[in-house]
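Okay, thanks for coming, everyone. I'll put the structure up and then walk you through one helix and one serine.

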Amino acid sequence: MTHTEAILRAADDHLLAPYHPFDHDLTDRLVVASAEGVQITDTDGRTYLDAIGGMWCTNIGTGRDEMADAIAAQVRKLSFANPFTDMMGAPAVELASKLATLAPGDLNHVFFTTGGSTAVDAAFRLVQFYNGCLGRPEKRHILSREDAYHGSTYAAVSIGGKKSDHMAEFQYIDDIVHHLSSPNFYRHGAGRTEAEFAEFLFAEFEAKVSELGAENVAAFFAEP
């Protein structure tokens, strides 16, 4: 048994991946052993261009000594500080202050999450809480679009509109989450100009808000 075969067998026995492809052929899988810059190397020594950027999160590449040194220095000084209620870590405040200077307009507060999915989930919960605090609990409906990906937490995957992410075996938030048409002009333009397609999407959006009542619509989640 090769090293790669051993890893794959161990994966089958012990690892449940975040996006586990139960209905896919798993005989040809890529096991990444190392990475440097924009390249990744598998356990058989083959090198690939990491065109997807890890999971869109290795913006400066991998194997960067300055990044590793900065992480190591911070861990030695303070690896974690309780962020709840009346405690905070000084580095978090420093980073939030820096981000506030870079953000446009009046965006001057930062809420840290562990990733994109939890960011969407937090935004969903925050808008519900915000309207509840203002005495308008009925303003809770969410608009999104078909084909959109917003994450894998319960709220985020419900807001997302990818059909492959909405399986019949699972129940999603469907009473206050509404999906409008996909804005993918290439796939769904169907004989219209881009301007005409945009007008259709805009009119559909307005009609949905009118149907639900503007006083009941809390937010629109859109991919950039």
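**One helix and a serine beside it**

So, keep in mind that this is a predicted model. Let's begin on the outside of α8: the face turned away from its buried side carries the exposed residues Ala195, Glu199 and Ser210.

What about the buried ones? In α8 those are Phe197, Leu201, Lys208, Val209 and Leu212. Looking down the axis of α8, you find them within an arc of 115°, so they line one face of the helix. That fits the textbook picture: an α-helix makes a turn every 3.6 residues, so residues three or four places apart point the same way.

And what does that buried side pack against? The partners are β4 (141-145), β5 (177-180), α7 (185-188) and β6 (217-220).

Quick check on the length. α8 runs over residues 194-212, which is 19 residues, and at 1.5 Å a residue that should span 27 Å. The C-alpha atoms at its ends are 27 Å apart, so the two agree. Right after α8 comes Gly213, with a positive phi, near 95°.

Now the serine. Ser182 sits in the loop between β5 and α7. Buried or exposed, this Ser182? Buried: its relative accessible area is 5%, and the cut-off is under 20%.

Who does Ser182 touch? Beyond its neighbours within four places in sequence, the contacts are Glu146, Asp147, His188, Phe197 and Leu201. Phe197 and Leu201 you've already met, as buried residues of α8. With Asp147, there's a side chain to side chain polar contact of 2.7 Å. A polar atom of the Ser182 side chain also lies 3.2 Å from the backbone nitrogen of Asn184.

How values were computed. Residues numbered from 1 in each chain as written. Predicted model: local features only at pLDDT ≥ 70, side-chain atom pairs only at ≥ 80, totals over all residues. Heavy atoms only, no water. Helix = DSSP H or I, 4+ residues; strand = E, 2+ residues; numbered from the N terminus. Expected span 1.5 Å × (residues − 1). Buried < 20%, exposed > 50% of the residue type's maximum accessible area, 1.4 Å probe, protein only. Arc of directions from axis to C-beta. Contact = heavy atoms within 4.5 Å. Polar contact = N/O pair within 3.5 Å; in protein donor to acceptor, adjacent residues only side chain to side chain.
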